[in-house]
Structure formats: structure tokens, C-alpha cells
Amino acid sequence: MRNRMTRPGPKSVSTEMLETDAVTQSTQILRDNAGDYTTTSTSFTDIDGTNLSLSLTTTGGDVLVWSTLEVQNNSAGNYTFFDVDVDSGTLIGAGFAGGITQFQTGTADRIMNVCAIAVVTGLSAGSHTFDLQWQVEGGTAFMHAGGAAENDDTAPILGAIELKK
């Protein structure tokens with residue numbers, strides 16, 4: 001039962017507010033690469049298999065995965081697609097040509113903020129990996145990842161949290 005009298009601070013939850021058997025393990029990466037990532041790949045590939053990959057040990061519950069990115073493509077009219085690979089073999093957006101999210105540049109080098117949120121179901125208890133991936137329809141995609149002088153340069157975020165069973 002929740003203790004409705006407990007008022008945690010901003011962005012926090014007290015343990016008294018959690019339901020019995022609530023699962024609270026989570027992980028998040030905020031990546032400063034000191035520069036942009038780029039790709040010309042027309043098939044899904046890891047953006048950075050080391051630094052934009054995370055592991056989460058679960059008890060068998062569903063996992064909420066999210067990412068926020070600042071990206072651009074140097075070729076007008078081309079799409080850039082994003083997805084998350086689970087355990088090196090299953091894309092969350094499998095079956096969708098555009099992955100879990102995409103953007104199309106109306107003009108070359110237009111900077112877009114991209115956000116994706118998805119729930120992964122059917123995972124067994126144990127350790128699972130989540131790798132941020134992308135591909136382009138054409139042109140070169142750039143993902144800002146810190147270190148640039150522009151005011152619009154932000155760090156990509158990839159996160160996951162196991163949801164209550």
C-alpha cells in the first residue's frame with residue numbers, strides 16, 4: 001500500500017510509495033563522445049557498441065527502454081532510422097522498416113531532436129543488453145554527442161528500467 005503522506009523531492013520516489021514486489025533496477029547512459037557520431041550504413045548498425053550499450057539484470061519483468069538524440073542528415077529528403085537491439089539479435093522495431101523512430105530531413109543538415117520510448121516484453125530473468133542502432137536511406141547522418149562548440153550540441157541518452165511484474 002502506498003503511503004500518500006510521504007512527499008519525496010523532485011525526481012525521486014520514496015520506498016514507502018512503491019507497491020509490494022515493485023522492481024526498481026534501472027540504468028541510463030548520457031554519452032559525451034567529444035564529437036559527432038556518423039553513419040552512411042543502409043542497414044541497422046550500432047551507433048557505439050561500447051558506449052551506447054547498456055546492460056540490465058532483470059527478474060523477468062517487462063523493460064521500458066528510451067533514448068533521446070540530436071541528429072541531422074546532410075542530404076535533403078532522406079530518412080534516418082533508429083532502433084534498439086536487444087541481446088544482440090532482436091530489434092525492438094523488428095517488422096517496421098523505419099525501426100522504432102525515424103526522421104526525414106526537409107533540407108540538408110537540418111538538426112532534429114529524436115525521442116523513442118518502447119516496452120520490451122517476454123524477457124527472461126537475467127542479464128540483457130540494449131544497443132542503440134541506426135541506418136540511413138541516403139546521405140550521411142550525424143548524431144551530436146558532446147564536445148562541439150555549437151549551442152545546439154547535446155548528449156545522447158539511452159536508458160532502461162524494469163517495470164513491475
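A residue counts as buried here when its relative accessible area is under 20%. T58 has a relative accessible area of 5%, so T58 is buried. That makes a handy way into this predicted model. T58 sits in strand β4, and its side chain reaches the backbone oxygen of S124 at 3.2 Å. Setting aside residues up to four places away in sequence, T58 touches S124 along with A125, G126 and H128, and also Q25, V63 and E162.

Stepping back to the whole chain, the protein has 12 strands and zero helices, so the run of elements from the N terminus is simply one β after another. Of its 165 residues, 40% count as buried. The protein exposes about 8,800 Å², and carbon and sulfur atoms supply 49% of that area. Contacts reach well along the chain: among those between residues at least 6 apart in sequence, 79% join residues at least 24 apart.Strand β5 (residues 63-73) offers a good view of how the strands come together. Eight of its 11 residues are buried, which leaves β5 mostly covered. Three strands pair with β5, each in the antiparallel sense, and they can be taken in turn. With strand β9 (residues 112-120), the pairing extends over nine bridges, and L69 stands opposite V114 there. With strand β12 (residues 157-162), the antiparallel pairing covers six bridges, and W66 faces G159 across it. Strand β11 (residues 141-143) is joined to β5 by three bridges, with A141 in β11 as the bridge partner of N73.

S67 also belongs to β5. Its relative accessible area is 4%, and S67 is buried. Apart from residues up to four places away in sequence, S67 touches V114, C115 and A116, as well as L132, I157 and L158. I29 lies 38 residues from S67 along the chain, and the C-alpha atoms of the two are separated by 9.3 Å.

Next come the aromatic residues. A pair of aromatic rings is described by the distance of the centres and the angle of the planes. The model holds three aromatic pairs. In one of them, F82 and F103 are stacked, at 6.4 Å centre to centre and with 20° between the planes. This pair links distant parts of the chain, with F82 in strand β6 (residues 79-86) and F103 in strand β8 (residues 101-104), 21 residues apart. Both F82 and F103 are buried. F82 also pairs with W134: the ring centres are 6.2 Å apart and the planes meet at 35°, so this pair is tilted. Here, too, distant parts of the chain are linked, since W134 belongs to strand β10 (residues 126-136) and is 52 residues from F82 in β6. F82 and W134 are both buried. Put together, F82, F103 and W134 form one aromatic cluster.

The strands that carry F82 and F103 are paired as well. β6 and β8 run antiparallel and share four bridges, and T101 in β8 is the bridge partner of F82. Along β8 the side chains alternate. T101 and F103 point to one face and are buried, while Q102 and Q104 point to the other face and are not buried.

F82 turns up again in the nonpolar core. In soluble globular proteins, nonpolar side chains tend to be buried together. The largest nonpolar core of this model has 26 residues, and those touching the most other members are I47, V65, F82, F130 and M143. At least two core residues come from each of β4 (53-58), β5, β6, β9, β10, β11 and β12. The contacts of F82, leaving aside neighbours within four places in sequence, include F44, I47, L69, V71 and V114. F82 is also in contact with G98, G99, I100, T101 and F103, and with Q133 and W134.

Conventions
Residues numbered from 1 in each chain as written. Predicted model: local features only at pLDDT ≥ 70, side-chain atom pairs only at ≥ 80, totals over all residues. Heavy atoms only, no water. Buried < 20%, exposed > 50% of the residue type's maximum accessible area, 1.4 Å probe, protein only. Contact = heavy atoms within 4.5 Å. Areas by Shrake-Rupley, 256 points an atom, 1.4 Å probe, with all protein chains shown as cover. Pairing = 2+ DSSP bridges. Phe/Tyr/Trp six-rings, centres within 6.5 Å; stacked < 30°, edge-to-face > 60°. Core = buried A, V, L, I, M, F, W, Y, C linked by side-chain atoms within 4.5 Å. Polar contact = N/O pair within 3.5 Å; in protein donor to acceptor, adjacent residues only side chain to side chain.
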